[in-house]
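This report goes through the salt bridges, the metal site and the pockets of one protein model. The sequence and structure are shown first.

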Amino acid sequence: MRQTARPRRSVLYMPGSNARAQEKAKSLPADALILDLEDAVAPDAKAEARGIVCDNVRSGGYGGRELIIRVNGLETPWGRDDLVAAAGAGADAILLPKVESGQQVRAAEALMDAHGAAATTAIWCMMETPRGILQAAEIAGSTPRLGCLVMGTSDLTKDLHARHTQARLPMLTSLGLCLLAARAHDLAILDGVYLDLANGEGFAESCRQGLELGFDGKTLIHPSQVAGANEIFGPTAAEIAESKEIITAFAAADAAGKAVVVVNGRLVENLHVENARRIVEMAAAIEALESGAA
Ligand SMILES: CC(C)(COP(=O)(O)OP(=O)(O)OC[C@H]1O[C@@H](n2cnc3c(N)ncnc32)[C@H](O)[C@@H]1OP(=O)(O)O)[C@@H](O)C(=O)NCCC(=O)NCCSC(=O)C[C@H](O)C(=O)O
Ligand SMILES: [Mg+2]
């Protein structure tokens, strides 16, 4: 699914069994919500959570926020029922956990199609196992229905026998491989969660690192993380103003038959204009979402 400018600065997980959190999410300024049936839900609560999540997605009330259902893997006792129920719920996307091959994605897609999933329901993939990371390019190109890769840095840290560190050196290879795969296939990509809820500065630093690496936004676990992610992953007023300047100056240069122009002392070529357009489009999409127009 080709990506249009869709804000995904803040993407908040909530346990599918937590009806209160799903109600509260209607008033939170998160760009997208992941209603989780997988790791945040205890085995005994899986069936009830499936019902709560699908009912909530069907009844709506979440405004322009993107709604994603994370199902259990098809190899688990709950995966098939989750996927069949989610296919009929009309979510914006279904998020598959622990994906390790393109074949797994296509099997999930076939089941979704057989159970009437809307053409607009995308597939998103969690990238969180060593095998999955090594297959990132194949997964990213597995089907046109794929819209987004989501880093699962908690599972990955566990599987790598690594440590959670602020600088995330143990994660950088995996983050980079998935970023390459996502951009090569024109997909969105979201950074993993920051677990230390009491460490606001550490969280902000982790968001800035994700932004610099190229992520579209961050997955979150608590409402207190939403505002920081929105601020850091959103374009600043100065970036928007400069982007508009670049677009205008380059259009004038182009009309005069020139391929380059200098704006604020910096060389501008077509590639900078592409980036400037992306920033302006994203700013407009954020404004539409925040004003309730999206
Ligand atoms: C971490 C929490 C268990 C903390 O919950 P709680 O003790 O209820 O927090 P607060 O009392 O501070 O909550 C204040 C109010 O905010 C609401 N709330 C809390 N969390 C959320 C949320 N995630 N979404 C929406 N609303 C939320 C509470 O209901 C309170 O509301 P009110 O009653 O009006 O005051 C909890 O935050 C939580 O469960 N977080 C999500 C955990 C989760 O989903 N984990 C799984 C995803 S992470 C993952 O799996 C990553 C990946 O797979 C990997 O491998 O890396
Ligand atoms: Mg995980």
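A salt bridge is counted here when a side-chain nitrogen of Lys or Arg lies within 4 Å of a carboxyl oxygen of Asp or Glu. The model is predicted. By this rule it holds 20 salt bridges. Three of them are listed below with the N to O separation.

| Acidic residue | Basic residue | N to O distance |
|---|---|---|
| Glu 38 | Lys 98 | 2.6 Å |
| Asp 31 | Arg 9 | 2.8 Å |
| Glu 201 | Arg 208 | 2.8 Å |

In the salt bridge between Glu 38 and Lys 98 the closest N and O atoms are 2.6 Å apart. The two residues sit in distant parts of the chain, 60 residues apart: Glu 38 is in the loop between strand 2 and helix 2 (46-59), and Lys 98 is in the loop between strand 4 (93-96) and helix 4 (102-114). Glu 38 is buried at 6% relative accessibility, whereas Lys 98 is partly exposed at 25%. Both belong to a network of salt bridges with shared partners, which also takes in Asp 36, Asp 39, Arg 70, Asp 155, Lys 158 and Asp 159.

Arg 9 and Asp 31 form a salt bridge of 2.8 Å, N to O. Arg 9 precedes strand 1 and Asp 31 lies in the loop between helix 1 (19-24) and strand 2 (32-36), so the pair ties together parts 22 residues apart in sequence. Both Arg 9 and Asp 31 are buried. In the pair of Glu 201 and Arg 208, Arg 208 is partly exposed at 36% relative accessibility.

Which residues are the protein donors of the magnesium ion (ligand 2)? They are Glu 128 (OE) and Asp 155 (OD), at 2.0 to 2.1 Å from the ion. Glu 128 is in the loop between strand 5 (122-127) and helix 5 (130-134) and Asp 155 is in helix 7 (residues 153-160), so the pair ties together parts 27 residues apart in sequence. Glu 128 is buried, with a relative accessible area of 2%, and Asp 155 is buried at 13%.

The largest pocket holds about 1200 Å³ of space. Its lining has 39 residues, with Asp 216, Asn 275, Arg 278, Ile 279 and Met 282 nearest the centre. Helix 12 contributes the most to this lining, 10 residues. Domain 1 (10-233) and domain 2 (237-291) each supply at least three lining residues.

The second largest pocket holds about 280 Å³. Among its 17 lining residues, Tyr 13, Arg 70, Ser 154, Val 193 and Ile 221 are closest to the centre. By class, the lining of the second largest pocket has 8 nonpolar, 4 polar and 5 charged residues.

Methods:
Residues numbered from 1 in each chain as written. Chains lettered and ligands numbered in written order. Predicted model: local features only at pLDDT ≥ 70, side-chain atom pairs only at ≥ 80, totals over all residues. Heavy atoms only, no water. Donors = N, O, S within 2.8 Å, 3.2 Å for Na, K, Ca; no water. Helix = DSSP H or I, 4+ residues; strand = E, 2+ residues; numbered from the N terminus. Buried < 20%, exposed > 50% of the residue type's maximum accessible area, 1.4 Å probe, protein only. 1 Å grid on protein atoms, 1.4 Å probe; cavity = no way out; pocket = protein on both sides within 12 Å on 5 of 7 lines; lining within 4 Å. Points joined across faces, edges and corners; volume = space filled by probe spheres on them. Domains from an automatic or database assignment. Nonpolar A, V, L, I, M, F, W, Y, C, P; charged D, E, K, R; others polar.
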